[in-house]
Structure formats: structure tokens, C-alpha cells
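I opened my notebook to look up ring pairs and the place where two domains meet. My entries follow in the order I made them.

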Amino acid sequence: MSLPRVLPAWVSQVSMYLEELDDATANAIALPSAYLMATPERQRAYRVGRVCASRALEQIGVRGAMPAVHENGGPAWPNGTVGSITHAMSLVAAAVAARRQCCGLGIDIEPITSLEKAHSLASRGATTGEVFGVMENLQVDYATAVALILAAKHSLYKCLHPQVGRSFSYLDASIENVQGSTARFRARLKVMLSPAWVGGTIVTGQFDIAGDFVHTGIAIPC
Ligand SMILES: CC(C)(COP(=O)(O)OP(=O)(O)OC[C@H]1O[C@@H](n2cnc3c(N)ncnc32)[C@H](O)[C@@H]1OP(=O)(O)O)[C@@H](O)C(=O)NCCC(=O)NCCS
């Protein structure tokens, strides 16, 4: 299965549906303690994410490795690599790159929800200006615009959190200049996250709207 590409060619990406992985392979992957009480679906999503990650690592020449869980909740990637994992419904994807090429990587997939759910999500994660900006630029509906903004912000978080070592909120960055012609967006930091990541810094990402999902990716070259 291959998903839309929202990352440069030098990033390896592997995706899979939850039901594609056979039980024997899935059950052979040990669950970290934090996932022992999770629902069977979340446990499977964790395991399929690890299989995708392992295959993506193989594609860049790192064999037999599978990321553990970092204390920040993200994957603990093998030395010399960076990566990111996402799940949405039954879709799972992992992306990996060599650290010498890439300082940070974040991918996300968000389902396009009902209008009611989109209102609720937007109240936590998107400003009116951001939503109307995307609706106008892409000529998409409200729920699609909200899904794109959240996916972009989750990609940014996955990309930067391992580098800055602190949490940051949906209002600490804004998504702007979302362009259909280039399929790119800009994420602008509104606060200082670390000495290297100050307010006003702009990071560029890519997006794709495919069926009922929005896919986003941010890869920061070194
Ligand atoms: C962590 C978060 C970004 C995950 O995004 P999501 O759309 O909810 O869920 P996804 O399925 O796409 O991603 C889950 C994966 O994110 C990864 N992840 C979790 N915490 C992470 C972190 N701190 N750094 C990097 N990756 C992380 C994990 O790989 C996880 O899957 P796994 O547990 O199976 O390994 C989101 O739940 C969250 O907490 N957001 C609040 C913070 C935020 O987004 N701020 C916005 C800044 S502009």
C-alpha cells in the first residue's frame, strides 16, 4: 500500500493498513508497559507502526532495528536516524531519514470529520484566521481546512518536540500560506521553543488531500 508522498525523495516512507499485518508478526512485537492497558486496536496500531518503522529503516540501510518508546512518548530512533509515525483509522505510516541529511521529521494523517466534530477540534487547535485562510486558498470546506491545520501542527510537533525537549501548544505556531499549486504550507513559530527555535521561525511542509484524509509531512534538511 502506498500513501500520497508528502516528504522529499530522500526520506523513506512505509505505510500499511492495520489488517494487513498477520497476527503472528504483530504479536511477536513486545508492547511497552504504557501500552499494556491500551485497547487491542491501539496495541495493534503501535505494533503496525513499529513494523512500518522497521521497514523504513531497512530502506535506508539500518537492518533489524525497531524504535523503542522515548520518555517523551515519541519513538526512540536508532542512532544516526530520525523518523516519525502516524496512525489514522486503519492507516499507519512511518517515515525515516538519516540524521546527517535530516534534523527533524514529522508526519501526520488526519481524517476529515463531520462539521460538528471539526468545530470541536478547531476550538482547541485552530484559529478562525487559520481556518478561513485555508478555506479561501484551497477552496475546501470547513472540516477539510481544520483537518489540514491539525495535521500540519501534529507534524510540526513530532518534528520539533524531540529537538526542543519541551511540549508546545496548538497556539504556539500558526499555519499559513497553504498553497494548492505547490501543495505546501508554512508553519510559523509564535514563541521561542529553544535558543535554536525562536519565535518567527518558519518551517515549510507538504500536504495532500486524498479521499477522507489529509496527509502532511515536514522534513528539515541539515
Ligand atoms: C503527539 C501528537 C502530536 C500525536 O498526533 P496524533 O495525530 O494525535 O496521533 P498520530 O497517530 O498521528 O501519532 C501518534 C504517534 O505520534 C508519535 N509521537 C507521540 N509523541 C511524540 C513526541 N513527543 N515526539 C514525536 N513523536 C511523537 C508516536 O510515534 C505515536 O505513535 P506510537 O505511540 O504508536 O509510537 C498529538 O496527540 C498531541 O499530543 N498533540 C498536542 C501537541 C501539539 O500537537 N501541539 C501543536 C503544536 S503546533
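**Entry 1: two tyrosines.** I am working from a predicted model. I began with burial. Tyr35 is buried, and Tyr46 is buried too. I then looked at how their rings sit. A ring pair is described by the distance of the centres and the angle of the planes. For Tyr35 and Tyr46 I noted 4.6 Å centre to centre and 40° between the planes. That makes a tilted aromatic pair, because tilted covers angles that are neither under 30 degrees nor over 60.

Where do Tyr35 and Tyr46 lie? Tyr35 is in the loop between α1 (23–27) and α2 (40–59), and Tyr46 is in helix α2. The pair therefore ties together parts that are 11 residues apart in sequence.

**Entry 2: a tyrosine and a phenylalanine.** I moved on to Tyr157 and Phe168. Their rings also form a tilted pair, with 5.0 Å centre to centre and 40° between the planes. Tyr157 belongs to helix α5 (residues 142–164), while Phe168 sits in the loop between α5 and β7 (173–179), so this pair links parts 11 residues apart in sequence.

Are Tyr157 and Phe168 buried, partly exposed or exposed? Tyr157 has 26% relative accessibility and counts as partly exposed, because the value is not under 20% and not over 50%. Phe168 has a relative accessible area of 11% and is buried, because that value is under 20%. I closed the ring search with a count of 2 aromatic pairs.

**Entry 3: two domains.** Next I looked up the domain bounds. Domain 1 covers 12–99 and domain 2 covers 108–221. Their C-alpha centres lie 23 Å apart. I listed the residues in the contact: 9 come from domain 1 and 8 from domain 2.

**Entry 4: the area between them.** The size of an interface is often given as the accessible area lost when the parts come together. Here I noted about 650 Å² buried between domain 1 and domain 2. Carbon and sulfur atoms give 69% of that area. Which residues of domain 1 lose the most area to domain 2? They are Asn72, Thr86 and Leu91, together 53% of what that side buries.

**Entry 5: contacts and strands.** I checked for salt bridges across the interface of domain 1 and domain 2 and found 0. I did find 2 residue pairs in polar contact between these domains. On the domain 1 side, β4 (81–88) and β5 (91–98) are the elements that give two or more residues. The largest share of that side, 5 residues, comes from β4.

Key: Residues numbered from 1 in each chain as written. Predicted model: local features only at pLDDT ≥ 70, side-chain atom pairs only at ≥ 80, totals over all residues. Heavy atoms only, no water. Phe/Tyr/Trp six-rings, centres within 6.5 Å; stacked < 30°, edge-to-face > 60°. Helix = DSSP H or I, 4+ residues; strand = E, 2+ residues; numbered from the N terminus. Buried < 20%, exposed > 50% of the residue type's maximum accessible area, 1.4 Å probe, protein only. Domains from an automatic or database assignment. Contact = heavy atoms within 4.5 Å. Buried area = accessible area lost by both parts, 1.4 Å probe. Salt bridge = Lys/Arg side-chain N within 4 Å of Asp/Glu carboxyl O. Polar contact = N/O pair within 3.5 Å; in protein donor to acceptor, adjacent residues only side chain to side chain.
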